[in-house]
Each structure stands twice: as C-alpha cells, then as structure tokens.
Amino acid sequence: MKKLQHKPIVGCMRWGVWGENFTTGQYEQIIHQCLEIGLDIFDHADIYGHYTTEADFGHALKGNTSLRSKIKIITKCGINMLTPNRPHHAIKSYDTSAAHITKSVEQSLQNFHTDYIDTLLIHRPDILMNVEEIAATITSLKNAGKIKSFGVSNFTTSQVALLNKYIPIEHHQVEISVTNLCSFNDGTLDQCQLKNISAQAWSPWGNGLFTDKTEKNIRILSTAEELAAQYETGVNEILLAFLYAHPASIVPVIGTTQFERIKQAKAAMQINLAREDFYKLWCASTGVEVA
C-alpha cells in the first residue's frame, strides 16, 4: 500500500536577486500556479537575497488577505550575513539571542505584510545558543500569535535533543538527497520519527548532481535514468521518490524557479518506489553494495 506523503514545500531562495529576480507580477503568477496544483507552503529565510527576498515576496501579498489566507509561510532566522544591507555586521556570525529572534520575526512580519508566520526555523545552530532563552522567546512569540509552529535547520541530533528538552521542535530542515545520505545514518531521521518531528529536505535533488560530472554523479544519474524508464516517469521524479520511500515521511523543499520542476515534485508523490530500486540508488551513491 502506498503510504500517505506530505506535499512538497516550495523553496523561494532563488526567486529574488540570488536567482531569477522575479517581478511582483511573476511572484504572483508562480504563487497562483503552485496553489492550482495544491502546493501552498513557501520556504524563506531572512537572509535570502541579502535580506530582500522576503519583502519581494511580500509585495505579492500586500493588501491581498485572501491570498495570504491560502498559503503557509516558513522563514528562518539566526544568521548575521555580511552584506551592504546590514553594514553593522562586522563578521558573518550566528545569533539566537532573544533580542535577535524577536527583531527578526518582527522584520519578517513587516516584509510579508502579515501578522503571523506559520513556521519559524532557527537557520543554523548557534555555538553560543542559550536553549532556555530560545524556548522562552519562542513561547512568547507563539503566545502572541506571531508564529504558529517552530523548528530548526541543520542541527545535530544532540542539539535538537537539547533544545527539545525546553520547547517542542516540530520541524527539522536539513540537506537530504541521493547525493547526501548523512541524515539516513547519523540519527537525524530516526530522531524525527521518534519525536514526531517533520523532516524537511533542502537540496533534495542533490547538490551539483546535474552539473558536476563526478563518477558518483554519473552512477546516480545512470541508475535514475534506468528507473525513470522502468516507472515511465522522469529522473527528477525518481530522485524525489527515493526520499518519499523512507518511513520518516521526508518533505522535499523544492528550490527551483521553474514551475515545470515544481510540478515534477508533486508528481513524484505518486511513485511507489520498490525497496530494491531504493537500494539501487543507494548503492549508486555509495559506490558499494550494502554490507
């Protein structure tokens, strides 16, 4: 029986000046296209586009409460980036202080022209993070209705366990793909299942898979092409079906500016990848058969 999958999240990192530099009209168009195929969760971070992409996306929502009510917004905070847009930053660093998290959320609310964020993630683990301070800050923001749910990104399992002692972690966004198998083996996906944490995969198609002609990538693509022919689908769909096969119900974050690829991500939900075919891709990635 095909298990229920969670629909992909639409990643917006490359929609602004870090990528296609969409106009407001183009933002509106692709948001509506996503909604038409049932995808309504959009992933952001305060730093995207050197702190500009949230506001660019927000222009499409300004004054349009009906559109805002149809979508869910994820955003992240905690990185201080070196950029002319933040001239007071002396060095790239991490900040999960109460003041920084609160200020970041208030800025994101302003950028999106909304009074709540559906999900806030801590973008990177702060070496100096005070977990009790984070928990108190997030609780206060939740109680004020400014964020609906909370999670982390790129944390280790021990960091998740430490923070989860003080506040429930509902989401963990981390790199997971056929080219990056770490989360399958380092306890991340085990922990997500154990603690009922939503596992979100960034770069789910594999970082550099289609551009870097390494022996590993050639093996993976060759195997994916064979399976695509077998399942009568495309390579992109097979690469996501690899993630969907896992019982942690991995949710891919699709970081593309091309609506056609977003549609492929949605189509991948319908593929029930056989166990042996999962292991064909696994072995293509590792270069060896399983022990």
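Asparagine 21 counts as partly exposed, because its relative accessibility of 44% falls between the 20% and 50% cut-offs. This comes from a predicted model, so keep in mind that every value here is computed from predicted coordinates. Asparagine 21 sits in the loop that runs between β1 and α1 (24–36). Its backbone is a bit unusual to look at: phi is near 55 degrees, a positive value in a residue that isn't glycine.

Serine 249 makes a nice companion. Here too phi is positive, at about 55 degrees, and again the residue is not a glycine. Serine 249 belongs to the loop between α11 (235–244) and β10. Is serine 249 buried or exposed? Buried: its relative accessible area is 17%, which is under the 20% cut-off and therefore earns that label.

Histidine 171 is another residue worth clicking on. You'll find it in strand β8 (residues 171–175). Histidine 171 counts as buried because its relative accessible area of 15% is under 20%. What does the side chain of histidine 171 touch? It shares a polar contact of 3.0 Å with the side chain of serine 149.

Here are the three residues side by side.

| Residue | Element | Relative accessible area | Class |
|---|---|---|---|
| Asparagine 21 | loop between β1 and α1 | 44% | partly exposed |
| Serine 249 | loop between α11 and β10 | 17% | buried |
| Histidine 171 | strand β8 | 15% | buried |

Now for the sheet that β8 belongs to. Eight strands close into a barrel, and going around you meet β1-β2-β3-β6-β7-β8-β9-β10, with parallel pairing. On average, neighbouring strands of this sheet are turned by 30 degrees against each other, direction ignored. Where do β1 and β10 come together? Strand β1 (residues 9–11) pairs with strand β10 (residues 251–254) in the parallel sense, over two bridges. In one of the pairings, isoleucine 9 has valine 253 of β10 as its bridge partner.

Finally, the empty space. Rolling a probe the size of a water molecule over the atoms shows where such space is left. The largest pocket has a volume of about 720 Å³. Of its 29 lining residues, those closest to the centre are Met13, Arg14, Trp202, Ser203 and Gly255. What is the lining made of, by class? Twelve residues are nonpolar, twelve are polar and five are charged.

How values were computed. Residues are numbered from 1 along each chain as its sequence is written. This is a predicted model: local features need pLDDT of at least 70, side-chain atom pairs count only at pLDDT 80 or more; totals for chains, interfaces and linings use all residues. Side-chain values use heavy atoms; hydrogens and water are left out. Two strands pair if DSSP finds at least two bridges between them. Helices (H or I, at least four residues) and strands (E, at least two) are DSSP runs, numbered from the N terminus. Axes are lines fitted to C-alpha atoms, for helices over the stretch in contact, and angles run from 0 to 180 degrees between N-to-C directions. On a 1 Å grid over the protein atoms alone, a cavity is a set of points where a 1.4 Å probe fits but cannot get out, and a pocket is an open set with protein on both sides within 12 Å along at least five of seven lines; lining residues have an atom within 4 Å of a point. Grid points are joined across faces, edges and corners, and a volume is the space filled by probe spheres set on the points. Ala, Val, Leu, Ile, Met, Phe, Trp, Tyr, Cys and Pro count as nonpolar, Asp, Glu, Lys and Arg as charged, and the others, Gly among them, as polar. Buried means under 20% relative accessible area, exposed over 50%, partly exposed in between (1.4 Å probe, protein chains only). A polar contact is a pair of N or O atoms within 3.5 Å; within protein, one must be able to donate a hydrogen and the other to accept it, and residues adjacent in sequence count only if both atoms are side-chain atoms.
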